[in-house]
Every structure is written in C-alpha cells, then in structure tokens.
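Work through the exercises below with the sequence and the 3D view open. Try each task before you read its solution.

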Amino acid sequence: MDLDLARTWLATAVEEAKTGLAEGGIPIGGALYSADGKLLGRGHNRRVQNADPSSHGETDAFRNAGRQRTYKGTTMVTTLSPCWYCSGLVRQFGISRVIVGEARTFHGGHDWLAEHGVEIVLLDDPECVGMMEDFIAAKPELWNEDIGE
C-alpha cells in the first residue's frame, strides 16, 4: 500500500481520536475505507460517552459505515493496534487490510491478523504515540479499564 495514502487515511482516524478526547473519552479513532478509496464510515471510542464497553473506535467506524454487501478489499484504519475484540471484527467480516497508527502503547491483535492473511500497515505515527502516552499518563485508571486490566 502507498504509505502517503495510508497517512492520509490515518488523518481521518486521528481527527476522530481527538474528537473522542475532547468529549472526555479515550482518544482512539477509526475509519473504514472501501476498496476504491471511498470513506464508508468513521468513528471513535465512545465507551465513556455512551457507557458502552463495546463502542471502540473501530466498531464505531464499522457501525457508521452501515451494511455492506462485502467487506473484501476494505481497509480499517485505527490510531492504535486493534484489541482482540476489534481484531475479531476484522476477521469475522473479512476486512482485507488494517492501517495501524501505532502499537507502542498497546500491542493488540495485529500480528494475529497478519498470520491470518490480513495486510497490516504499521505506521508508528508520532502523533498517535504522543496522544496515547499523554492520555495514559493523565488517566491511567480509565486506560486500564479500556484494556481490561
């Protein structure tokens, strides 16, 4: 995948993460793009805002994309390595590629996805790393709740 395009798509997820943070939530954003590059849906972690433990950045983007006949060829973009729940969503629906903003602060299921044929583009984006490091330092109890610790 073209890395400039991956970074452009990541910017959508970063905007969502910043929105979530501004709402008092966890700064993780996601976006789902079609095989031809159309933005299907975007979203952010709303666990705090909606008191919904299943409302992660990737699931919010997926829900906002609405029903698709197929997810073959689609790309999920996320600011943070997807947790097992979101990794399962990628596998369940056959999403072909995942662009990961960063995996330093949390190493989720992206290796498992790669082992099962999902293309992984790990960008190690400094803005994503900084956003999560700042959040974890400021709200460690909320972060630990989000990752199930």
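The exercises that follow deal with salt bridges.

This is a predicted model, where local features need pLDDT of at least 70, side-chain atom pairs count only at pLDDT 80 or more, and totals for chains, interfaces and linings use all residues. Residues are numbered from 1 along each chain as its sequence is written, and side-chain values use heavy atoms, with hydrogens and water left out.

**Exercise 1.** State how many salt bridges a search of the whole structure finds.

Solution. Start with the rule: a salt bridge is a side-chain nitrogen of Lys or Arg within 4 Å of a carboxyl oxygen of Asp or Glu. Side chains of opposite charge can pair when their charged atoms come close. Searching the whole structure gives eight salt bridges.

**Exercise 2.** Find the salt bridge between Arg 42 and Glu 15, and place both residues.

Solution. Take the distance: N to O is 2.8 Å. Next, place the partners. Arg 42 is in strand 2 (residues 39–44), and Glu 15 is in helix 1 (residues 3–22). Helices (H or I, at least four residues) and strands (E, at least two) are DSSP runs, numbered from the N terminus. The pair links distant parts of the chain, 27 residues apart. Now check exposure. Buried means under 20% relative accessible area, exposed over 50%, and partly exposed in between (1.4 Å probe, protein chains only). Arg 42 has 28%, so it is partly exposed. Glu 15 has 45%, so it is partly exposed as well. Finally, look at Gly 43: its C-alpha atom is 9.3 Å from that of Glu 15, though 28 residues separate them along the chain.

**Exercise 3.** Is Glu 16, a salt-bridge partner of Arg 42, buried or exposed?

Solution. Begin with the contact: the side chains of Arg 42 and Glu 16 meet at 2.7 Å, N to O. Arg 42 lies in strand 2 and Glu 16 in helix 1, so this pair ties together parts that are 26 residues apart in sequence. Glu 16 has 10% relative accessibility, so it counts as buried.

**Exercise 4.** Describe the salt bridge of Arg 47 with Asp 146.

Solution. The closest N and O atoms are 3.2 Å apart. Arg 47 lies in helix 2 (residues 47–50) and Asp 146 in helix 7 (residues 140–146), so parts 99 residues apart in sequence are tied together. Both Arg 47 and Asp 146 are buried.

**Exercise 5.** Which residues do salt bridges with shared partners join into one network?

Solution. The network joins Glu 15, Glu 16 and Arg 42.
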